Amino acid sequence: MEPTEAEIRDQFGRRLEDKGAWRQAITLAAAGELTARWLEGKSEYQAATFTVSYDAETEPIAAELSALNRSGLFTKESQPGLRTENSAQRQYVTGFCSAEAAVELLALSTRTELVTVAHAPGEASSAAIPVTLDGDDVVTVLGSSETPLEEEQIRDWANETNETLALLLADSWYVEILDPVWGRNDVLLPAVLAALTALQ
C-alpha cells in the first residue's frame, strides 16, 4: 500500500524523511550542513522555515549561503540587496554561531563598513534597523535577538529539530550582519565567509 501524503509530508509540504535528519543534528555544524543541503535543493525540510524551498530572490545567493552554513554560521534569515523604482533592500544575513565566530563577525564592523549586531546567549534585545523599504514604508527591520529564550520558544525549536539542538541554540550567539548600502550584493557574503574561514 502506498503511503499517504500525510505520512510523507507535514502540513507545510515539507518531507518528513528529511525531518528525520534534523532529529540527529545536535551541533551547529550539523544544523549548518542540513541547511546547506536544503539551499542546494537536496532536502525538502528546513527547521523553522515553513515551506519546502526558499523563495525566488534567494536563488542568486543560495550557493554563498551554503558556504556560510558549512563555515560556522547556521543561517536563519537573509536577503539580497535590491533597488527598484519603488522599493529597496539592504543585503543581510542572520544566524547562530559560537562565541569565537561572533567576535570575528563583530570585528567586521571595525574594519569594514558592514554592520554586525551580536546578541549574547540569553539576551533579549530589540532594535529597529530598516533593511527593506516599500516606497516610504519600512517593511523589514533587524536588531532583535532570535535566540530561543522562553520555554515555549525552546519547545518550538525542539519540535522542529530535537531538544539537544534547541538547548544549544538557546546557548549560542545570534548575529545579524547587514550591508548599509541599499541594493549592493557583492560585499557582505564574501566578507562574512572570509571572517568565518579565518577561524578554521
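**Buried threonines, a buried leucine and two pockets**

In strand β5, which spans residues 115-119, the side chain of T116 reaches the backbone oxygen of L105 at a distance of 2.8 Å. The structure examined here is a predicted model, and every value reported for T116 and for the other residues is computed from that model. With a relative accessibility of 9%, T116 counts as buried, because a residue is called buried when this value is under 20%. Leaving aside residues up to four places away in sequence, T116 touches L105, L106, L108, S109, E176 and I177, so that L105 appears both in this list of contacts and as the partner whose backbone oxygen is reached by the threonine side chain.

Shortly before strand β5, the chain passes through the loop between α5 (99-111) and β5, and L114 is found in this loop. L114 is likewise buried, its relative accessible area being 2%. When residues up to four places away in sequence are not counted, the residues touched by L114 are L108, S109, L178, D179, P180, V187, L188 and A191. L108 and S109 are thus touched by L114, and both are also found among the contacts of T116. In contrast to these contacts, S78 lies 36 residues from L114 along the chain, and the C-alpha atoms of the two are separated by 15 Å.

A second threonine, T161, is located in the loop between α6 and α7 (163-170). Its relative accessible area is 0%, and T161 is therefore classed as buried, the limit for this class being under 20%. The side chain of T161 reaches the backbone oxygen of W157 at 2.7 Å. Apart from residues up to four places away in sequence, T161 touches W22, R23, A47 and A166. A31 stands 130 residues from T161 in sequence, yet the two are 9.1 Å apart in space when the distance is taken from C-alpha to C-alpha.

The empty spaces of the model were examined next. Rolling a probe the size of a water molecule over the atoms shows where such space is left. The largest pocket has a volume of about 420 Å³ and is lined by 23 residues, of which W38, T49, K76, E77 and S78 lie nearest its centre. At least two lining residues are supplied by each of α3 (28-39), β1 (74-79) and β4 (92-97), and the largest share, six residues, comes from β1. By class, the lining of this pocket consists of ten nonpolar, nine polar and four charged residues.

The second largest pocket holds about 170 Å³ of space, and its lining is formed by A48, F50, K76, S145, E146, P148, Q153, D156, W157 and E160. Helix α6 (residues 151-160) provides the largest share of this lining, namely four residues. Sorted by class, the lining of the second largest pocket divides into four nonpolar, two polar and four charged residues. K76 belongs to this lining and is also one of the residues nearest the centre of the largest pocket, while W157, another residue of the second lining, is the one whose backbone oxygen is reached by the side chain of T161.

On the scale of the chain, an unreviewed UniProt entry places the feature "domain: DUF6919" at residues 18-198. In the model, this span is 38% helix and 22% strand, and its end C-alpha atoms lie 31 Å apart.

Note on methods:
Residues are numbered from 1 along each chain as its sequence is written. This is a predicted model: local features need pLDDT of at least 70, side-chain atom pairs count only at pLDDT 80 or more; totals for chains, interfaces and linings use all residues. Side-chain values use heavy atoms; hydrogens and water are left out. On a 1 Å grid over the protein atoms alone, a cavity is a set of points where a 1.4 Å probe fits but cannot get out, and a pocket is an open set with protein on both sides within 12 Å along at least five of seven lines; lining residues have an atom within 4 Å of a point. Grid points are joined across faces, edges and corners, and a volume is the space filled by probe spheres set on the points. Ala, Val, Leu, Ile, Met, Phe, Trp, Tyr, Cys and Pro count as nonpolar, Asp, Glu, Lys and Arg as charged, and the others, Gly among them, as polar. UniProt positions are given in the numbering used here, feature names are shortened, and annotations may be inferred rather than shown by experiment. Buried means under 20% relative accessible area, exposed over 50%, partly exposed in between (1.4 Å probe, protein chains only). A polar contact is a pair of N or O atoms within 3.5 Å; within protein, one must be able to donate a hydrogen and the other to accept it, and residues adjacent in sequence count only if both atoms are side-chain atoms. Contact means heavy atoms within 4.5 Å.
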